[in-house]
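I opened this notebook to record what I looked up about the backbone of one protein chain. The entries follow the order of my reading.

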Amino acid sequence: MSLWSKIKKAAKKVWRAVKAVVRVIVRAVITIVNRLTLGLPDLLFGFIAWPPKRLRLHVFILWTEAPPGGGDEVPPITQIVQDAIDRTKRIYKERFNVNVRPYSKSFIEVITDPVPPEVLDFECGIGPEFGVAGEFFANHLAGWNAIPISLTFPVTVFVVRDLQDGSLGCSMSVIGDYVVIDREGLNDNVALAHEIGHTCGLWHSGTPSNLMFRSSPAGENVKWFQKNILRSSRHVQYW
Ligand SMILES: [Zn+2]
């Protein structure tokens, strides 16, 4: 590799990290401002879970192939995704009085463009947000085009081939607008709902029956203050 291309590569790496830092700061600011303005009634009284609110969701499927050796009885990934969405819709309605709606005409979109390997076999953590994977997710977020183009702040779900270290799903908490999940996570009863909970600001619970219990299987229960936090998130709206 020539010196010039080495410099270019290093500059690209720095630029990626700078953009990621800006993304994090922008989201942190929006999160705080939202909680203290539009989200304030729910931050204080969200446990009443009224009136009903809405959360917009968009799912990008980045990998459609079934794992090898699965046989013919493995349902298509679109079906697995739809089932996970349906379970999430039920949990959010029952527990938070939040209606999960599609951001665009339908919930699910399959991406056929090439996807970087760092994304297909994603490793959960803050590090990848500052590299190739974070840039890919940022460029494909629903409702964002460097700046928010929608005041509904939809949550984007990326369905990848595999998550490293056996994770079922991951989320960047309030500093991201997306969830990453694989086939295994989609088949888990609550993993999608759990990860969206992180994106809305919920942290882990030590109670196995709680939706935010740290390991699978988690339950579906939520505590009163979890309703306050989720319903006051910028991803959850009155309109
Ligand atoms: Zn978690």
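Entry one. Before reading any accessibility value, I noted that a residue counts as buried when its relative accessible area is under 20%. I also noted that the model is predicted.

Entry two. I looked up Phe153, which has a relative accessibility of 8%. Because this value is under the cut-off of 20%, Phe153 counts as buried. I then found the residue in the loop between β6 (147-148) and β7 (155-159). Its phi is near 40°, a positive value in a residue other than glycine.

Entry three. I turned to the loop between α2 and β1, where Ala49 has its place. Is Ala49 buried or exposed? I read a relative accessible area of 14%, so Ala49 is buried. The phi of Ala49 is near 55°, which is again positive although the residue is not glycine.

Entry four. I stayed with the loop between α2 (40-45) and β1 (53-61), since Pro51 also lies there. Which form does the peptide bond from Trp50 to Pro51 take? I recorded this bond as cis, with omega near -5°.

Entry five. I next looked up the peptide bond from Ser216 to Pro217, which is cis with omega near 0°. Where is Pro217 found? I located Pro217 in the loop between α7 (191-199) and α8 (224-231).

Entry six. To close, I set down the loop between α2 and β1 once more: it holds Ala49 with its positive phi, and it also holds Pro51, which follows a cis peptide bond from Trp50.

Notes:
Residues numbered from 1 in each chain as written. Predicted model: local features only at pLDDT ≥ 70, side-chain atom pairs only at ≥ 80, totals over all residues. Heavy atoms only, no water. Helix = DSSP H or I, 4+ residues; strand = E, 2+ residues; numbered from the N terminus. Buried < 20%, exposed > 50% of the residue type's maximum accessible area, 1.4 Å probe, protein only.
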